[in-house]
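Here is a brief report on a single protein model. Look over the sequence and the fold before reading on.

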Amino acid sequence: GNLKKHRYAVERTLTNLKGKGIEIIDGSKLNTSQLVEFLNSHAARYNLATSWDVRSLLALLQSGLTLSDFQILINAGKIIGCAALWDQRCFKQTVIRGYSRQFSMVKPLLNSAAKMFGSPRLPAIGSVLAHGLLSPLATAPGNERHLPVLIEASLLVAAHHGLEFITLGFSTNDPRLAVVKNKFAATEFIRSEERRVGKECRSRW
């Protein structure tokens, strides 16, 4: 039910954007060189950002990231934003080894509440955390306001992969951080030595 509601909300937002000449496509429908050029133009504005080429992008196909996992916003034939939902479980996993005694006692109650409110459940011991990374995440200058719709569309990709959590990261002085914090309920992880903030957005279905 929650997934259907979320899908309807995303489709409604995309319909409104289409009326403004903006559409969203997946990366398999786009020239790879055009995507690489956009990612590099975005990276040039940020320190320590990844430098891309077609070979390095396609190499990620062996590590769980496919072109169809990219959600790309197009306006007048130009890319104005993109987000890739990377399911890394094929080569990197977080396995739940146990809970504290106190946490184990309330875990059934918390999971019942999570099911009622459409929130992720606490995973079973021995299971792999259903978690993905939202990267790369990029916007053209002046289009940061479209970040929420890119993330929301990526949550649908997360559901397709069976993921319950996604993580994305920003520098604390990155203006995009405020856009995301104003839109999503998330848990922050702050690495003070690098002044970076990670956001964990929960997909709710």
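The report below goes from the overall fold to the core, one helix, the surface and two backbone details.

**Fold.** The model is predicted. The protein contains six helices and seven strands. Along the sequence, they follow the pattern α-β-α-α-β-β-α-β-α-β-α-β-β. Of the 205 residues, 41% are buried. Take the contacts between residues at least 6 apart in sequence: 71% of them join residues at least 24 apart. The protein exposes about 11,700 Å², and carbon and sulfur atoms supply 53% of that area.

**Core.** In soluble globular proteins, nonpolar side chains tend to be buried together. Here the largest nonpolar core has 44 residues. Leu-35, Ile-72, Leu-73 and Leu-134 touch the most other members. Elements that give two or more residues to this core include strand 1 (22-26), helix 2 (32-43), strand 2 (70-75) and strand 3 (78-86). Strand 4 (131-139), helix 5 (147-161), strand 5 (165-171) and helix 6 (175-183) also do so. Helix 5 gives the most, with eight residues.

Which residues does Leu-134 contact, leaving aside neighbours within four places in sequence? They are Ala-83, Ala-84, Leu-85, Ile-151, Ser-154, Ile-166, Thr-167 and Leu-168.

**Helix 6.** The buried residues of helix 6 are Arg-176, Leu-177 and Val-180. Seen down the helix axis, they fall within an arc of 105°, so they line one face of helix 6. An α-helix has 3.6 residues a turn, so residues three or four places apart point the same way. On the other side of helix 6, Pro-175 and Asn-182 are exposed.

**Surface.** Phe-103, Met-105, Val-106 and Leu-110 make a nonpolar surface patch of about 360 Å². Val-106 lies in helix 4 (residues 101-117). The table sets Val-106 beside Ala-76, a residue of the loop between strand 2 and strand 3.

| Residue | Relative accessibility | Class |
|---|---|---|
| Val-106 | 35% | partly exposed |
| Ala-76 | 71% | exposed |

Why does Ala-76 count as exposed? Its relative accessibility is 71%, and exposed means over 50%. Val-106, at 35%, counts as partly exposed.

**Backbone details.** Ala-76 has a phi near 55°, a positive value in a residue other than glycine. A cis peptide bond joins Ser-135 and Pro-136, with omega about 0°. Pro-136 is found in strand 4, one of the elements that give two or more residues to the largest nonpolar core.

How values were computed. Residues numbered from 1 in each chain as written. Predicted model: local features only at pLDDT ≥ 70, side-chain atom pairs only at ≥ 80, totals over all residues. Heavy atoms only, no water. Patch = residues over 30% accessible without salt bridge, like charges linked within 9 Å, V, L, I, M, F, W, Y side chains within 5 Å. Areas by Shrake-Rupley, 256 points an atom, 1.4 Å probe, with all protein chains shown as cover. Salt bridge = Lys/Arg side-chain N within 4 Å of Asp/Glu carboxyl O. Helix = DSSP H or I, 4+ residues; strand = E, 2+ residues; numbered from the N terminus. Buried < 20%, exposed > 50% of the residue type's maximum accessible area, 1.4 Å probe, protein only. Core = buried A, V, L, I, M, F, W, Y, C linked by side-chain atoms within 4.5 Å. Contact = heavy atoms within 4.5 Å. Arc of directions from axis to C-beta.
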